Amino acid sequence: MKKFFDDIKKDIKFKSAGPGKKLTEETGSKPDVVQSSSSAKNNRHAPTEGAQRAGAAALARIEQRQKPKVHTSQDAIRHQVKKELEAEAAALAEKDKAAAAAEGSRVPVKDPSCLSVSGVYFTCPLTGATLTKSEREVHIKEAILMRFEEDPVEASVMMIHTFNKDREKVKVAVDIISKYVDNICKNPTEEKYRKIKLSNKVFQDKVRSVEGSREFLQALEFISVMLPVEGQEEEEEFLVLPEQSPEALELMKERRDRLQRGEPVRAQLDRQPQAFRPSPNAQRFELPPEFYNLTADELKKEQQQRSELVEKNAMLRTKAMREKEEQRERRKYNYTLLRIRLPDGNLLQGTFYAWDRLPVLFEFVRESLVDGWQPFELIAPGSQKLQESDEVALAECNLVPAALLTFAWDAAVQADIAAAGGKSPTLLKPELLETIRTLS
């Protein structure tokens, strides 16, 4: 039989330019060089076109059975990467299109070179790459998927907690997978606990629907197997875990704990710390559009409405009404740009979320100082002294979308240092002074 197919294959190689081309397309093999007409004539017993088709198809089936395609984990990873990036690229293209259409109505910017900060940027915690807002999600997904080669358990845990936005759905899936592990560890010799039927309704609805869940089970060494099901003619797919040694069971528990402790991987706001020389323009801010939630037209309309109502409502508004209006005002901003004027006149600038708390601001300043261990104070506009211990959002302190703060060392500590013959502490770290700039 094999010889018959080899003869057919040999005959196909000596086909004519017409039907032969079609045959190569159907069998999936590369087209051979077409022989001369004299060579074709020597093929006296060439099969008919129909026989050629049947033989080629049968040969293809035999070869396919002889060389089954093995889907490795790397194949799955590459396929997943491609699928995710294509989807994200399409979504980003749509976003960019919408952004371009709305560009005319955005908050106006005079000149990019005059901006106080060029934009809002983020840092990937996995790669350290600096990203724009539109790049961060795609980049983090790609970084997680690429991590499968190094540590499939860690990568699948990240995938579960990052790719799925519904936190309650994630919690349910994690609880069910943890139950699988618990049952296996309590009953290591019972096969039923080491088999998961993929068509099971609970698995379908609450586990399989969560991205990364199957990858985690495979990282636990579950393998896909087709098994017969009682009362059914066709086999069904199961995930089956081979019997584990006591050491392997302990490792499974540790991996379960990693799953339970997992957290979403999120890009971190790049605060872009920057030092400036003393400047009369310290209170002048030109912000890029990313700092605003409203368009220029919406801002203009609200400002006009406030102007018309300010006199009318000045005597009627209660304190609660004023606070409510201030909260509504603060919700217009995503980020805030803060400058801190230091005792030597230099300025320290950083970008923050509008909802960052005061301790975050104090920590940023402390990490920028040579002697950050010494106590200091920050005074907001209006001589408002900020308290590091207050868990209050920057927006609630009226520090959005930008503000100039004043830095002061703790007076009592400085007096003690002076009495002991000490010198005033150095302020900014050398790496900040090396890139110090002048405000335009």
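**Exercise 1. Determine the strand order and the pairing sense of the sheet that contains β3, β5 and β4.**

Solution. Step 1: the three elements, taken as DSSP runs numbered from the N terminus (helices H or I with at least four residues, strands E with at least two), form an open sheet of 3 strands in the order β3-β5-β4, and the pairing is antiparallel. The model is a predicted one, in which local features need pLDDT of at least 70 and side-chain atom pairs count only at pLDDT 80 or more, while totals for chains, interfaces and linings use all residues. Residues are numbered from 1 along each chain as its sequence is written, and side-chain values use heavy atoms, with hydrogens and water left out.

Step 2: consider the edges. β3 (195-197) and β4 (223-227) each have a single partner strand, so one side of each is left without a neighbour in the sheet. On average, neighbouring strands of this sheet are turned by 35° against each other, direction ignored.

Step 3: examine the pairings, where two strands pair if DSSP finds at least two bridges between them. β3 and β5 pair in the antiparallel sense over 3 bridges, and β4 and β5 do so over 5 bridges. Lys-195 has Val-240 of β5 as its bridge partner. Phe-238 in β5 stands opposite Lys-197, and Val-225 also stands opposite Phe-238.

Step 4: assess the covering of β5. Of its 5 residues, 4 are buried, and the strand is mostly covered; buried means under 20% relative accessible area, exposed over 50%, and partly exposed in between, with a 1.4 Å probe and protein chains only.

**Exercise 2. State which parts of the chain the salt bridge between Glu-237 and Arg-214 ties together.**

Solution. Step 1: apply the criterion, a side-chain nitrogen of Lys or Arg within 4 Å of a carboxyl oxygen of Asp or Glu. The side chains of Glu-237 and Arg-214 meet in a salt bridge at 2.7 Å, N to O.

Step 2: place the residues. Glu-237 lies in strand β5 (residues 236-240) and Arg-214 in helix α10 (residues 213-219), so the pair ties together parts that are 23 residues apart in sequence.

Step 3: read the accessibility. Glu-237 is partly exposed at 24% relative accessibility, and Arg-214 is partly exposed at 23%.

**Exercise 3. Describe the other salt bridges, beginning with that of Arg-271 and Asp-356.**

Solution. Step 1: the closest N and O atoms of Arg-271 and Asp-356 are 3.3 Å apart. The pair links distant parts of the chain, 85 residues apart: Arg-271 is in the loop between β6 (268-270) and β7 (274-276), and Asp-356 is in the loop between β9 (347-353) and α14 (358-368). Asp-356 is buried, with a relative accessible area of 10%.

Step 2: Glu-154 and Arg-147 form a salt bridge through their side chains, at 3.0 Å from N to O. Glu-154 is partly exposed, at 23% relative accessibility.

Step 3: Asp-182, Arg-256 and Asp-257 are linked in a network of salt bridges. The count for the structure comes to 15 salt bridges.

**Exercise 4. Characterise the packing of helix α8 against helix α9.**

Solution. Step 1: two packed helices are described by the angle between their axes and the distance between the axes. Axes are lines fitted to C-alpha atoms, for helices over the stretch in contact, and angles run from 0 to 180 degrees between N-to-C directions.

Step 2: α8 (residues 167-186) and α9 (residues 201-208) pack at about 125°, with their axes 8 Å apart. This makes α8 oblique to α9, given that angles under 35 degrees count as roughly parallel, over 145 as roughly antiparallel, 65 to 115 as roughly perpendicular and the rest as oblique.

Step 3: identify the contact, defined by heavy atoms within 4.5 Å. Val-172, Ala-173, Ile-176, Ile-177 and Tyr-180 of α8 meet Val-202, Phe-203, Lys-206 and Val-207 of α9.

Step 4: Ser-178 also has its place in helix α8. At 3% relative accessibility Ser-178 is buried, and, residues up to four places away in sequence not counted, Ser-178 touches Arg-256 and Gln-260.

**Exercise 5. Give the order of the sheet that contains β2, β1 and β6.**

Solution. Step 1: this open sheet of 3 strands has the order β2-β1-β6, with antiparallel pairing. β2 (130-132) and β6 stand at the edges with a single partner strand each, so one side of each is left without a neighbour in the sheet. The twist averages 45° from one strand to the next.

Step 2: β1 (residues 121-123) and β6 pair in the antiparallel sense over 3 bridges. The bridge partner of Tyr-121 in β6 is Asp-270.
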